[in-house]
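Please work through the exercises below with the sequence and the coordinates open side by side. Each task is followed by a solution that proceeds step by step.

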Amino acid sequence: MATTGLLRFSVSPLHRRHDLFYLQFTRRTLHPLQTPKSRAVRTVSDKPVSCIHLQDKASGQESSSSTNSTLLLDVSGMMCGACAARIKSIISADERVDSVVVNLLTETAAIKLKQGLIDDSASVAEDLAGKVSASGFVGRRRVSGMGIADKVRKWREKVEKKEELLARSRNRVAFAWTLVALCCGSHASHILHSLGFHEFHGPILDILHNSYARGGLALISLLGPGRELLVDGLRAFRKGSPNMNSLVGFGAIAAFAISMVSLLNPELQWNAVFFDEPVMLLGFILLGRSLEERVRIQASSDMNELLSLLSTKSRLVIGPSGSEFSSDSVLCSDAMCAEVPTDDIRIGDSVLVLPGETIPVDGKVLAGRSVVDESMLTGESLPVFKGKGLSVSAGTVNWDGPLRIEASCTGSNSTISKIVNMIEDAQGREAPIQRLADSIAGRFVYSIMTLSAATFAFWYYIGANMFPSVLLNDIAGPDGNTLLLSMKLAVDVLVVSCPCALGLATPTAILVGTSLGAKRGLLIRGGDVLERLAGIDYITLDKTGTLTEGNPAVSAVASLESEELEVLRIAAAVEQTTLHPIAKAIIAKAKSLNLSIPNTRRQLTEPGSGTLAEVDGTLVAVGKLNWARDRFQHISSPYDIKKLDVSLEYKSSSDVPSSDHSRTIAYVGKEGKGIVGAIAISDNLREDAKFTITRLEKMGIRTMILSGDREEAVASVANSVGIEKEFTYCSLTPQQKSDVISKLKESGHHVAMVGDSINDAPSLALADVGIALQTEGRENAASNAASILLLGNRLSQVIEAIDLARATMEKVHQNLAWAIVYNIIAIPLAAGAALPYFDFAMTPSLSGGLMALSSIFVVTNSLLLQFHGSRSKEMEE
């Protein structure tokens, strides 16, 4: 299809302006409401009400959000954990910086500035990038707010650069091992001679026996494949931030220098010619680096897979003015279809998606029928049917038929874009356990250099005299040279130590864990979240929309004086301004009966209690019994309330047994009359609710219900899913939910909260880990406050998240244990600790090989997370 350039104009024949108000009760938090006019708010009860213009409130929120914003630097040139620790110390030393996190694997530095410097963040970022570059690394400010095309292009360039470096690395490895083969040629002739093959002696092997020829090969190895490594190590040391390359470089140069001095000055009688060692050392190091880089690229493959779901092109459908699309037609005859950048799509545009293509924007299906693969967002492998009126998400794949979609969320605001952004942010947030590794790695290189010098001094001046038998070992040469022994052991210490394993232990596991979670529909906001989630011992759950499906329906309506339809009509009018599932059920029932829903004024909502509005000149309240009754001076009698409850019980008695349902009652109050009616709303339990609670209990996690609903409804759900009565709380306000969580935390428990609505937002933010079920693909206060989003909207994903968190932290602990134990064992062995008693000593080449394998082990062990299966799925099967 040819690409068509379009010039866009936004033309609106009618402009309407609405004043927005943020209403707030004393000690209660309410969400922003929209009113037709700017008016003073009438006091309905004896509780004071404050009124703040929303624009001021919004600007305050924006300022707060900006204060918490983070600068990002792309930092290249980091080789090990010591490099990351050095960069962190450089940036932290700046008085404008509040905190900083450096991720070795993603080559990113996330910097939080102190308050008051946000407006000047660009210049601060450039200044900090300059300081990083002046220290031997390459730092660049990452530009925020990129569109989809820019984001995909930038990531592809990064991947291509890594692949190019990997190709160059393979070439260096091939060159280095060619030199190793030539250096070992002389040893091969000895082996052949011992086996009885004498005819292979010749001029070439004679040349390879020559010390000057081997010295030339060593020099070629240093200046050829090892040049970049040596230059980087020396530059880092000169700028005060020595790294792994510094240790390897010093070891190789020292071995070459001693061998060359001994060769050119035979009168010194050092007999310390070992040119083979630097050649073999560089060969092993470069081979290990190449394998490690390949594994690290594989570790970020999940992010590449997610970014491949970002479609940079879209088919924009444009019809001429006055034309109408048939409800069953994907395209009309006079419509034009133009391929445009996805960044140019606006909300309300029509987009055509053909079979086999990735859906470029979030939206609603206008026409067409198909099945869509949503596995990358929800973790569900089965495709989902999509038809007119159903929502679709960017990044999902259309399989069967063409679809025409109305865009509702585009560009960087689409679901898949937010997932990618959140994963990038998550991988930039360090787990607390990472700080231990960073503190060790930061001092590691200097400690090893000091230990290497001490090893040389000990064996040269003391060790050889204390243990003369060590000079008979091959490492001391044929003549038992003390200098040769001391020098090789000192080089061993330099090259066997591995700060890389320490630096990679946590970030590689976090990278794989968060990416794997995203593939399963678990959006985890950081490594610190994984660490906290792995230690959870209490989980509190909301009822409506969490343990239940969140799709309630009106099952009965009762009235004291007027018609039941009138009660439903005025209740639907009041609930028009809220997004609570109960409100949606009341409105849906009214619309299904074709009731005329009037407009309202002066709406006010108190989360967890109810909603108040003026309907046809009279104030109407819908919500909990006590709240709705307290809004007005006229108090209904207990007899009337009992009459309503009995009527609702009778009318809904034909429903499915209550064990499968949760029934909630919303009371309707009217100014001057008090309670005038009640509406019963039933909601089915989630199919996986009981299974989830049972599995959590088996995992050693105590479950609790924190609900604002009536005691009868909450007790019924608790009994159905198996939660004991003492861990069931009902009729709670959002503040009371938070109080329960606070008391649990004060008792030493680690608490997670699972919820889905604005009522749960304070509790989600207060808990150690907030888990939100994202319904209908929309963000709300709950998803913004949560640490983890369950994109599949399945309660059993809580089990999967905890299982993944525990597996990830297990890998982190394994990696750190390996890195620490390896260095504790390998460094003393390299220093000759076993030489006097067991006649065992490492060579520099063997030490280099072990060091490379140590880093490869850590990254490979993290990659094993990709094969981690969800135990919950195994149980279901």
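The exercises that follow concern a predicted model, and they go from the overall make-up to single residues.

**Exercise 1. Overall make-up**

Task: State how many helices and strands the protein has, and what share of its residues count as buried.

Solution: Begin with the secondary structure, which comprises 31 helices and 29 strands. Turn next to accessibility: of the 877 residues, 52% count as buried. Finally, consider the contacts with a separation of 6 or more, of which 72% are between residues 24 or more positions apart.

**Exercise 2. The seven-stranded sheet**

Task: Determine the strand order of the open sheet with seven strands, and identify its edge strands.

Solution: Reading across the sheet, the order is E17-E29-E28-E27-E18-E25-E26, and the pairing is mixed. The edge strands are E17 (522-524) and E26 (728-729), each of which pairs on one side only. At the E17 edge, three bridges join E17 to E29 (residues 788-790) in an antiparallel arrangement, and Leu-523 stands opposite Leu-789 in E29. Helix H23 packs on this sheet, where it touches E18 (538-541) and E25 (702-706), and the direction of H23 makes about 135 degrees with that of E25.

**Exercise 3. The two partners of E16**

Task: Find which strands are joined to E16 by bridges, and how they run.

Solution: Strand E10 (residues 350-353) is joined by four bridges to E16 (residues 403-409), and the two run antiparallel; within this pair, Leu-352 stands opposite Arg-404. Strand E11 (residues 362-367) is joined to E16 by five bridges, again antiparallel, with Gly-363 opposite Ala-407.

**Exercise 4. A buried arginine without a salt bridge**

Task: Explain why Arg-686 has no salt bridge, and describe its surroundings.

Solution: First locate the residue, which is found in the loop between strand E24 (674-684) and helix H23 (689-698). Arg-686 is buried, and the nearest side chain of opposite charge, that of Asp-688, is 5.3 Å away. A salt bridge requires the nitrogen and the carboxyl oxygen to lie within 4 Å, and therefore the distance of 5.3 Å to Asp-688 does not qualify. The side chain of Arg-686 nevertheless has a polar atom 2.9 Å from the backbone oxygen of Gly-545. Beyond its neighbours within four places in sequence, Arg-686 is in contact with residues including Thr-546, Glu-549, Leu-773 and Asn-793.

**Exercise 5. A second buried arginine**

Task: Decide whether Arg-569 is buried or exposed, and name the side chain with which it makes a polar contact.

Solution: Arg-569 lies in helix H19 (residues 564-575). Its relative accessible area is 19%, and because buried means under 20%, Arg-569 counts as buried. Its side chain makes a polar contact of 3.2 Å with that of Asp-616. When neighbours within four places in sequence are left aside, the contacts of Arg-569 are Leu-595, Ser-596, Pro-598 and Asp-616.

**Exercise 6. Three salt bridges**

Task: For the salt bridges Asp-127 to Arg-96, Arg-168 to Glu-228 and Asp-528 to Arg-532, establish where the partners sit.

Solution: The structure holds 16 salt bridges. In the bridge between Asp-127 and Arg-96, the closest N and O atoms are 2.4 Å apart; the pair links distant parts of the chain, with Asp-127 in helix H3 (residues 121-134) and Arg-96 in the loop between helix H2 (81-92) and strand E5 (97-103), 31 residues apart. In the second bridge, Arg-168 and Glu-228 meet at 3.3 Å, N to O, and this pair also links distant parts of the chain, Arg-168 being in helix H4 (residues 148-183) and Glu-228 in helix H8 (residues 227-238), 60 residues apart. In the third, the closest N and O atoms of Asp-528 and Arg-532 are 3.5 Å apart. Because these two residues are four apart in helix H17 (residues 527-534), about one helical turn separates Asp-528 from Arg-532. As to accessibility, Asp-528 counts as buried at 13%, whereas Arg-532 is partly exposed at 31%. Lastly, salt bridges that share partners join Asp-94, Arg-96, Asp-127 and Lys-131 into one network.

Methods
Residues are numbered from 1 along each chain as its sequence is written. This is a predicted model: local features need pLDDT of at least 70, side-chain atom pairs count only at pLDDT 80 or more; totals for chains, interfaces and linings use all residues. Side-chain values use heavy atoms; hydrogens and water are left out. Buried means under 20% relative accessible area, exposed over 50%, partly exposed in between (1.4 Å probe, protein chains only). Lys and Arg count as positive and Asp and Glu as negative; His and the chain ends are not counted. A polar contact is a pair of N or O atoms within 3.5 Å; within protein, one must be able to donate a hydrogen and the other to accept it, and residues adjacent in sequence count only if both atoms are side-chain atoms. Contact means heavy atoms within 4.5 Å. Two strands pair if DSSP finds at least two bridges between them. Axes are lines fitted to C-alpha atoms, for helices over the stretch in contact, and angles run from 0 to 180 degrees between N-to-C directions.
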